[in-house]
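Take a first look at the fold below. Then follow the paragraphs with the model open beside you.

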Amino acid sequence: MSTLALNQLIRQAEAEVARQMQVCNACRYCEGYCAVFPAMARRLEFGPTDVHYLANLCHNCGACLHACQYAPPHEFAINVPQAMAQVRGQTYAAYAWPPQLGALYQRQGLWLAMALAWCLSLFLVLAIALKGSLWHAPLAGNFYAIFPHNLLLALFAPVFLFVLLALGLGVRNFWRDIAPGQAQPGSAALREATLSALSLQYLGGGHGQGCANANDAPTLWRRRLHHATMYGFALCFAATCVATLYHYVLGLHAPYALLSLPVLLGSVGGLGLLLGPAGLLWLNLRRDPAQGDPTQKPMDRGFIALLLLTSISGLALLALRASSAMGLVLALHLGVVMALFLTLPYGKFAHGVYRCAALLKWAIEKRQPSRLRLGDA
Ligand code: SF4
Ligand code: SF4
């Protein structure tokens, strides 16, 4: 798609959110559902930056669609979750760093994710095969006998640093746009935003009973499975950090015992990363298309598939680490993890980062006096 056509689509999506917010601002029936509606009520007009902020504050719980008396087929055609989702997807590309790579968001999908994981795994499998045989004498879980520690560091550290840089500068662009001259967050605002993000407060559907998914019946499963995925990912990452600390600071080198901290963190995290994405895929396949932006499903599923492959190959590696197949499974796992990290800044992972920034803006904004003075003479 040309840049001109893409910009036109973005403007249309922003104008649609602005139109719907004008109707909602007159109605206000959904005011207690989430942070979007009270944030909306602080505005009379909705320029592009207001729309970007509100779109990322929306958690796509679907509650306001099913409560709305003006939802399609009503002529007002109010569908806030869908309109917000369309803008949200476009903001990731618009704020991406470097800007040229923003177009990757539109290309993310299941097949790209699988092809990348497959190619990287194959490359590593071939690297082992060229050194000798894929099947080796049992190495008691010593991964570094296959890929030396320094080689792994040289492969993964630059990718990890790039992910941090790309996501950090992307969200900085977003923050500068939605919160120009914003006051520094106080500790209360920081605490509230952190708790909202960690508890996924707004996946409660406004009444604490959860999100709509296949129909208007609320379910807490979307929130629970997001929690399993989020904390599973965090624990796996913590396992890697603790192992690095063991290696460089304490001089304790892998393999680690089954009851050691890195293995325990990795095992519990791996289970969370298996159950969470598997359940989210199940819900995603059953999701009412009216509740989101169907064009983003390939991006959602590509990310879920990479998370699933990461946990499956990681747990398989733990189970087979004392066998002759360890090298092969290690190569497959590292290829999948590398594919996951390479796609993190330009795929579904970004929604968590941008949403945290929007939650922080809301926690600051709600503590400030409203700029609207409707009662003033
Ligand atoms: S979504 Fe519908 S019911 Fe809710 S505030 Fe907007 S117009 Fe009113
Ligand atoms: S979909 Fe849920 S989070 Fe989004 S605006 Fe509606 S009620 Fe709020």
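**Around the ligand**

The shell around ligand 1 has 11 nonpolar residues, one polar and one charged. Here Ala, Val, Leu, Ile, Met, Phe, Trp, Tyr, Cys and Pro count as nonpolar, Asp, Glu, Lys and Arg as charged, and the others, Gly among them, as polar. This is a predicted model, in which local features need pLDDT of at least 70, side-chain atom pairs count only at pLDDT 80 or more, and totals for chains, interfaces and linings use all residues. Residues are numbered from 1 along each chain as its sequence is written, while chains are lettered from A and ligands numbered from 1 in the order in which they are written.

Which residues come nearest to ligand 1? They are Cys 24, Cys 27, Tyr 29, Cys 30 and Cys 68, out of 13 around the ligand. A residue is near a molecule if its C-beta atom, placed from the backbone, lies within 6 Å of it. Helix 1 (3-27) and helix 4 (63-67) each supply at least two residues of this shell. Helix 1 gives the largest share, three residues. Helices are DSSP runs (H or I, at least four residues), numbered from the N terminus.

Now step back to the whole chain. It is divided into domain 1 (3-95) and domain 2 (107-360), with bounds from an automatic or database domain assignment. Their C-alpha centres lie 29 Å apart. Across the boundary, 25 residues of domain 1 are in contact with 22 residues of domain 2. Contact means C-beta atoms, placed from the backbone, within 7 Å. On the domain 1 side, helix 3 (48-57), helix 4 and helix 5 (80-95) each give two or more residues. Helix 5 has the largest share, eight residues. That side divides into 12 nonpolar, 13 polar and no charged residues.

Next, look inside. The largest nonpolar core has 87 residues. Such a core is a set of buried Ala, Val, Leu, Ile, Met, Phe, Trp, Tyr and Cys residues joined through C-beta atoms within 7 Å. Buried means that 20 or more other C-beta atoms, placed from the backbone, lie within 10 Å of a residue's own. Val 17, Val 36, Leu 54, Leu 57, Met 84 and Leu 306 touch the most other members. Helix 13 (residues 326-343) gives the most to this core, 11 residues. Both domain 1 and domain 2 supply at least three residues each.

Helix 13 is mostly covered, with 15 of its 18 residues buried. In helix 14, 13 of 16 residues are buried.

Terms used: A residue is buried if 20 or more other C-beta atoms lie within 10 Å of its own, exposed if 12 or fewer, and partly exposed in between; C-beta atoms are placed from the backbone. Two residues are in contact if their C-beta atoms, placed from the backbone, lie within 7 Å.
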